[in-house]
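This report describes a single protein chain for a reader who has not seen it before. Please look over the sequence and the structure below before reading on.

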Amino acid sequence: QAKADAEGDLKDTTSTRDADQAYLADLTAICEQKATDFESRQQLRAEELEAITKAMEIISSSSVSGHADTYLPAFAQKGSALVSLRSSVETGAQAQVARYLALRARELDSRVLSALASHASADPFVKVKKMIK
């Protein structure tokens, strides 16, 4: 009787150990996959930050920095300066930044940069233009 009980306990213990080993293997695989995914996301974020830094450099470059002094005072004094302000900004640095961000978004397959590029290329004065018309 004791031998039969011991063999039954051995079978139960062995099956429990096998199940635990299978669970451990699955858990280890999941953790390794999550670690790999995390590393790839970290790399993507670093490349996105690099692209945003480059865009900020373009915006703050000397070819763009003087435009605020040139166009904003006229914009504040004249309502019709809106069209010229928009066209100069859109054809200038804003379009360049939007193109650069869109290019990097395609290269990196980044939804964040893609959204930022579309936001950068969007016309923020659509409602104001409608109100003027």
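Is Ala-95 buried or exposed? Ala-95 is buried, with a relative accessible area of 16%. The cut-off behind that word is a relative accessible area under 20%, so at 16% Ala-95 counts as buried. Ala-95 belongs to helix 4. Its C-alpha lies 9.6 Å from the C-alpha of Ala-122, while 27 residues separate the two in sequence.

**Overall picture**

The model is predicted. Its mean pLDDT over the chain is 78, and 70% of the residues reach at least 70. Among the elements, helix 1 (residues 2-59) has the highest mean pLDDT, at 91. The lowest mean, 54, is that of helix 3 (residues 67-77). The pLDDT is below 50 over residues 74-86, a stretch that has 18 contacts in the model beyond near neighbours in sequence.

The chain holds six helices and zero strands. Along the sequence this gives the pattern α-α-α-α-α-α. The chain has 133 residues, of which 18% count as buried. Its accessible surface is about 10,100 Å², and carbon and sulfur atoms make up 59% of that area. Of the contacts with a separation of 6 or more, 64% are between residues 24 or more positions apart.

**The nonpolar core**

Which residues form the largest nonpolar core? This core has 11 residues: Leu-44, Ala-51, Ala-55, Ile-58, Val-97, Tyr-100, Leu-101, Ala-105, Leu-108, Leu-113 and Ala-117. At least two of these residues come from each of helix 1, helix 4 (81-108) and helix 5. Helix 4 gives the most to the core, with five residues. In soluble globular proteins, nonpolar side chains tend to be buried together.

One member of the core, Leu-44, is in contact with Leu-108 and Ser-110 when neighbours within four places in sequence are left aside.

**Helix 5 and the loop before it**

Helix 5 spans residues 111-121, and its residues Leu-113, Ala-117 and Ala-120 are buried. Viewed down the helix axis, the buried residues of helix 5 fall within an arc of 65°, so they line one face of the helix. Arg-111 and His-119 are exposed on the other side of helix 5.

What caps the N-terminal end of helix 5? Ser-110 does: one of its side-chain oxygens lies 3.4 Å from the backbone nitrogen of Val-112.

Asp-109 is in the loop between helix 4 and helix 5. Asp-109 is exposed, with a relative accessible area of 67%. Its phi is near 55°, a positive value in a residue other than glycine.

Ser-114 sits within helix 5. A relative accessible area of 39% makes Ser-114 partly exposed. Between the C-alpha atoms of Ser-114 and Leu-101 the distance is 6.9 Å, and the two residues are 13 apart in sequence.

**Glu-48 and Arg-104**

Glu-48 lies in helix 1. Its relative accessible area is 6%, so Glu-48 is buried. Not counting residues up to four places away in sequence, Glu-48 touches Leu-108, Ser-110, Val-112 and Leu-113. One of these partners, Ser-110, is the cap of helix 5, and another, Leu-113, is a member of the largest nonpolar core.

Arg-104 is part of helix 4. With 15% relative accessibility, Arg-104 counts as buried. Which residue's side chain is joined to that of Arg-104 by a polar contact of 3.0 Å? The partner is Glu-107. Leaving aside neighbours within four places in sequence, Arg-104 is also in contact with Glu-47, Glu-50, Ala-51 and Leu-113. Among them, Ala-51 and Leu-113 are in the largest nonpolar core.

The table lists relative accessible areas for the residues discussed one by one.

| Residue | Relative accessible area | Class |
|---|---|---|
| Glu-48 | 6% | buried |
| Ala-95 | 16% | buried |
| Arg-104 | 15% | buried |
| Asp-109 | 67% | exposed |
| Ser-114 | 39% | partly exposed |

Conventions
Residues numbered from 1 in each chain as written. Predicted model: local features only at pLDDT ≥ 70, side-chain atom pairs only at ≥ 80, totals over all residues. Heavy atoms only, no water. pLDDT = per-residue confidence, 0-100. Helix = DSSP H or I, 4+ residues; strand = E, 2+ residues; numbered from the N terminus. Contact = heavy atoms within 4.5 Å. Buried < 20%, exposed > 50% of the residue type's maximum accessible area, 1.4 Å probe, protein only. Arc of directions from axis to C-beta. Polar contact = N/O pair within 3.5 Å; in protein donor to acceptor, adjacent residues only side chain to side chain. Areas by Shrake-Rupley, 256 points an atom, 1.4 Å probe, with all protein chains shown as cover. Core = buried A, V, L, I, M, F, W, Y, C linked by side-chain atoms within 4.5 Å.
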